[in-house]
Amino acid sequence: MNSNMNGMMNMPFNGNWGQGSRMLQDPNKLDTLVKFKYFSDYYHQKEKDMDDEELSRRYTIYKENFTHKQSQKFFEAHKKEEWFIDKYHPEESLVYREELIKRKQKMYMEFVEKLKKGEYDNVNFDEVEKTVESVEEANTEKKDENEDANEDTMETEVDNEEKKNISEAEASKSNRLFIKSIPPNVKRKDLINLCSSFEGFDYLAISDPNPQKKFHRLGWIVFKEGTNIKEAYEKFNNAKIDDFVFHLAYHQNLPTRSKTVPEIFSTMERLKHDLEQAKNLSLALDREVGLDKLESKGSEVLQEKIEEFNNNEEYDEIKKIKKELDLYIEYLHRVHLFCYYNATEAESTEDYDRKCPVLYRELSKASEIATNTTENSSPEKEGGVENKDKICERIDHKINMRMNRPKSSEDFEKIGGRNVENEIDKFAARYVNKVDEGKYRCKICSKLFKGELFVKKHIKSKHTDLIEPIKLEVDFFNNYAQDIQKITGIFPTSMNQNPLGINMGLNGSMRMMMPQMINQNMPWIVPTMVPPMGLGGVNVMSQMKRNGNYMGGNFYRGTTRGSLNKKSLNSIKKDDKKYPKDPRELRSYVDLDAPVEGDIDINYD
């Protein structure tokens, strides 16, 4: 019997082979966000009489602190990368921000023109009720499409080539070129300089980086109407900037996608709340880009149209509220590229269309069954579907953060940002040298002072050339901290990912969702928080500390019996340094005679 087994045999048994059989690690010292169950078990070991309310309060604080720590780590890891500098640096991002403001002002003028023509009179974000007949027709059409698709597979290669040429001809009518991938180290400024060399260039749109693709980005080169797009394609395709080679394609408009938000958004109380919030959000975003200073005064241009709706005797109260709310939602979309029910913001129409589907309010009747199911089951059992109150709270929180930007150092600290005065004090303290009692020297210029505070004041006033970089760094970090869609944490790059951003295992099972991916595009989807490997397992000896990391590796008959999907760590690439290694993997084995885990369906017919 090996030493690990001897250690396990000598440990006292408390009748439970789960988490209670050993001391749990402090969640605050772990690199992974733990579930409330684990957090609760840990604190009950220390204070058995702690009530649920106090536990919930502490867990909320723990989650906030964890997010702040992840943000700090992420900032330090990426602050020198070009994509990060382009997006958040107080000085480097100014040129792009000014260009975005001009673009939004242009979109505003286009919106006002269409509004006066009545193009937004029939905007409606209520889900269209589906009848039984329409569903059957849709199913029939889908069946016919599948049959046609099967017949199409019999076509010759010549036909496929003709189809390709036709699609390219249609795409060439567009005024955009699609950049398939932009590495994180390529500067936006260099891309714009190259694109500007072609007559007719309008602007460059770049998406947020994709952590699952090594922070590569997508891009769109937008030209003015009437530009020879084919000539532009031939010039820029395979062009080079340093080691980056342009790989282009003709931009094709994506088909309209639609989803529904829960029926709680159709209640009178919520509609009134959303209307007030959408108004305030519109005003806040208007001020940011100077629309409130125009003659039409930003979103106030909607009031004339809203009065028309209110004077319509055919509309009842709820209809009038919906018409007004939908007009504001459309305004936020068309002018500010903000999806209200998603609480998501884009920096170009191209990127908005890519990541934001059209969101409709779900009808109460259609969702009655789903409502009962959700209410009678826990979120975890439903695969991470959030309850209605949490959905509203999450969306409201993100919108409130977007409306009310931090103004003081204290406000920044509340959201995990940095206090500029505290950072300057920390910096100044490093340059104070205590020579003797009542004698302090400035390490920079060697001047003597009677007290430490005098030295700090001296550094702040006389050595401003050293203080300015500190202020710039604080502004840099705070720009990142206040972004409601910021990426945080460390992303693995060798896993599959489904469209919702949920990490999937190699066998299709759900894996741990990283905290930085929580609800970036779908606020009503809540990830299941999974504790780190080795936590919540059944084997005491699986907790081993190596290289500063606690690891699972709870191997039993070739599987991992922890909370990480019962998947062997051997299936993960051994050359991927982001994953912890099992210290015994060279001596592990698979018991081929072991019974198959899980239920087996046997058909006796």
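Select Arg217 first: this residue sits in strand E3. The model on your screen is a predicted one.

**Stop 1: Arg217 and its surroundings**

Is Arg217 buried or exposed? Its relative accessible area is 4%, so Arg217 counts as buried. Now show its contacts, leaving aside neighbours within four places in sequence. Trp83 and Asp86 are among them. So is a run of residues that includes Lys180, Ser181, Ile182, Pro183 and Pro184. Val186 touches Arg217 too. Ile206, Ser207, Asp208 and Pro209 complete the list.

Pick out Trp83 in that group. Along the chain, Trp83 and Arg217 are 134 residues apart. In space, their C-alpha atoms are separated by 8.8 Å.

**Stop 2: the largest cavity**

Stay with Arg217, which also helps to line the largest cavity. Select the rest of the lining: Trp83, Asp86, Lys87, Arg188, Ile206, Ser207, Asp208, Pro209 and Glu347. The space inside is about 80 Å³. Which element gives the most to this lining? Helix H4, residues 82–88, does, with three residues. Colour the lining by class and you get three nonpolar, one polar and six charged residues. In total, the structure holds four cavities of 30 Å³ or more.

**Stop 3: the second largest pocket**

Next, go to the second largest pocket, with about 1400 Å³ of space. Its lining has 50 residues. To find the centre, select His333, Arg334, Thr349, Tyr352 and Asp353, the closest lining residues to that point.

Several elements give two or more residues to this lining. Among the helices are H5 (94–117), H12 (317–336) and H13 (349–355). Among the strands are E1 (176–182), E2 (201–206) and E3 (217–223). Strands E8 (338–339) and E10 (358–361) belong to the list as well. H5 gives the most, with six residues. By class, the pocket lining has 26 nonpolar, ten polar and 14 charged residues.

**Stop 4: H5 against H12**

Keep H5 and H12 on screen and hide the rest. How are two packed helices described? The angle between their axes and the distance between the axes do the job. Here the angle is about 140 degrees, and the axes of H5 and H12 lie 8 Å apart. H5 and H12 are therefore oblique to each other.

Now show the side chains where they meet. From H5, select Lys104, Met107, Tyr108, Phe111 and Leu115. From H12, select Leu327, Glu330, Tyr331, Arg334, Val335 and His336. The contact has seven nonpolar, one polar and three charged residues. Arg334 is familiar from the pocket, where it is one of the lining residues closest to the centre.

**Stop 5: Glu330**

Zoom in on Glu330, in helix H12. How is Glu330 classed, buried or exposed? With a relative accessible area of 7%, Glu330 is buried. Leave out its neighbours within four places in sequence, and its contacts are Phe111, Tyr120, Val123 and Phe125. Take Tyr120 from that set. Glu330 and Tyr120 are 210 residues apart along the chain, yet 8.2 Å separates their C-alpha atoms.

**Stop 6: Ala232**

Move to helix H9 and select Ala232. Its relative accessible area is 0%, so Ala232 is buried. Not counting residues up to four places away in sequence, Ala232 touches Leu177, Phe198 and Phe223. Add Arg176 to the view. Ala232 and Arg176 are 56 residues apart in sequence and 9.6 Å apart in space, C-alpha to C-alpha.

**Stop 7: two loop residues with positive phi**

From H9, follow the chain towards strand E4 (240–241). In the loop between helix H9 (229–236) and that strand lies Asn238. Its phi is near 70 degrees, a positive value in a residue other than glycine. Asn238 counts as partly exposed because its relative accessibility is 48%.

Then find Lys297, in the loop between helix H10 (268–289) and helix H11 (303–310). Here phi is near 55 degrees, again positive in a residue other than glycine. Relative accessibility is 42%, so Lys297 counts as partly exposed.

**Last stop: the whole protein**

Zoom out. The protein has 19 helices and 19 strands. How much of the protein is buried? Of its 605 residues, 41% are buried. Finally, consider contacts between residues at least 6 apart in sequence: 66% of them join residues at least 24 apart.

Notes: Residues numbered from 1 in each chain as written. Heavy atoms only, no water. 1 Å grid on protein atoms, 1.4 Å probe; cavity = no way out; pocket = protein on both sides within 12 Å on 5 of 7 lines; lining within 4 Å. Points joined across faces, edges and corners; volume = space filled by probe spheres on them. Helix = DSSP H or I, 4+ residues; strand = E, 2+ residues; numbered from the N terminus. Nonpolar A, V, L, I, M, F, W, Y, C, P; charged D, E, K, R; others polar. Axes fitted to C-alpha atoms, helices over the stretch in contact; angles between N-to-C directions. Parallel < 35°, antiparallel > 145°, perpendicular 65-115°, else oblique. Contact = heavy atoms within 4.5 Å. Buried < 20%, exposed > 50% of the residue type's maximum accessible area, 1.4 Å probe, protein only.
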